[in-house]
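Q: Please take a close look at the enclosed space inside this structure. Which residues line the largest cavity, and what surrounds them?

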Amino acid sequence: MNRIFRTRAARTAIAVAAAATLTAGIGAGVAQAGDRKPGKPTEREIAALFDQWNAALQTGDAGKVADRYARDAVLLPTASPKIRTNRAEITDYFEHFLQKKPKGEKIRSVINVLDGNSAVDAGVYRFHLTDPKTGVTKPVEARYTYEYEKRGGKWLIVNHHSSVLPAEG
């Protein structure tokens, strides 16, 4: 009886060890597969998306600026009361806005990286706008929010809100 018990105990120990090895192997496989997925972007990478958008403004090409937006993006622009919800409307807005030769600079930015495919950048920026009639350039400060999503491997703006900074009350 003692010999049967030891044989069963040995078989059980081997089965437990095999199961543990298999489980560890599966866990390592999952970890390795997870390592191949891109991680969360850094705040610096998200901040660079504004620089790319601002560089698109500098081209003076409304289409290039609109390319920074997802096809289903929502734009609540600074200089228009109209909500823009498709590429044609976003392009139309920038065709008019670009006549002012805007150049933006961030004053304060708060970036929240939500996951590997989404992030929010909110804060205050200043635009230097040139009046097309007079040639006079003046600064305009505004609050902004950009919501980004990575789609098809490319970071795109899915929501962009900008409004003139109110006077201190």
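A: The following account describes the cavities of this predicted model and then the residues around them.

Across the whole structure, a search finds two cavities of 30 Å³ or more. The largest cavity holds about 60 Å³ of space. Its lining consists of Trp53, Pro77, Thr78, Tyr93, Phe94, Phe97, Tyr125, Phe127, His160 and Ser162. The elements that contribute two or more residues to this lining are helix 4 (87–97), strand 3 (118–130) and strand 5 (154–164). Helix 4 supplies the largest share, three residues. By residue class, the lining of the largest cavity comprises seven nonpolar residues, three polar residues and no charged residue.

One of the lining residues, His160, deserves separate description. His160 belongs to strand 5 and counts as buried because its relative accessibility is 4%, where the limit for a buried residue is under 20%. Its side chain takes part in a polar contact of 3.3 Å with the side chain of Tyr125, itself a lining residue of the largest cavity. A polar contact of 3.4 Å also joins the side chain of His160 to that of Tyr146. When neighbours within four places in sequence are set aside, the residues in contact with His160 are Trp53, Tyr69, Val74, Leu75, Leu76, Tyr125, Thr145 and Tyr146.

The two tyrosine partners of His160 are also paired with each other. Tyr125 and Tyr146 form an edge-to-face aromatic pair, with 6.4 Å between the ring centres and 75° between the planes. This pair links distant parts of the chain, since Tyr125 lies in strand 3 and Tyr146 in strand 4, 21 residues apart. Both tyrosines are buried: the relative accessible area is 2% for Tyr125 and 0% for Tyr146.

Aromatic pairing also involves other residues of the lining. The structure as a whole contains 16 aromatic pairs. In one of them, the rings of Trp53 and Phe94 have centres 6.2 Å apart and planes at 75°, so the arrangement is edge-to-face. Trp53 in helix 2 (residues 43–58) and Phe94 in helix 4 are 41 residues apart, and their pair thus connects distant parts of the chain. Trp53 is buried, with a relative accessible area of 1%, and Phe94 is likewise buried, at 1%. Ring pairs link Phe50, Trp53, Tyr69, Tyr93, Phe94, Phe97, Tyr125, Phe127, Tyr144, Tyr146 and Tyr148 into a cluster. Members of the lining of the largest cavity include Trp53, Tyr93, Phe94, Phe97, Tyr125 and Phe127, each of which is also named in that cluster.

The second largest cavity offers a point of reference. Its volume is about 30 Å³, and it is lined by Ala66, Tyr69, Ala70, Arg71, Arg87 and Ile90. Strand 1 (69–76) and helix 4 are the elements that give two or more residues to this lining. The largest share, three residues, comes from strand 1. The lining of the second largest cavity divides into four nonpolar residues, no polar residue and two charged residues. Among its residues is Tyr69, which is in contact with His160 and belongs to the cluster of ring pairs.

Notes:
Residues are numbered from 1 along each chain as its sequence is written. This is a predicted model: local features need pLDDT of at least 70, side-chain atom pairs count only at pLDDT 80 or more; totals for chains, interfaces and linings use all residues. Side-chain values use heavy atoms; hydrogens and water are left out. On a 1 Å grid over the protein atoms alone, a cavity is a set of points where a 1.4 Å probe fits but cannot get out, and a pocket is an open set with protein on both sides within 12 Å along at least five of seven lines; lining residues have an atom within 4 Å of a point. Grid points are joined across faces, edges and corners, and a volume is the space filled by probe spheres set on the points. Helices (H or I, at least four residues) and strands (E, at least two) are DSSP runs, numbered from the N terminus. Ala, Val, Leu, Ile, Met, Phe, Trp, Tyr, Cys and Pro count as nonpolar, Asp, Glu, Lys and Arg as charged, and the others, Gly among them, as polar. Buried means under 20% relative accessible area, exposed over 50%, partly exposed in between (1.4 Å probe, protein chains only). A polar contact is a pair of N or O atoms within 3.5 Å; within protein, one must be able to donate a hydrogen and the other to accept it, and residues adjacent in sequence count only if both atoms are side-chain atoms. Contact means heavy atoms within 4.5 Å. Rings of Phe, Tyr and Trp (its six-membered ring) pair if their centres lie within 6.5 Å; planes under 30 degrees apart count as stacked, over 60 as edge-to-face and the rest as tilted.
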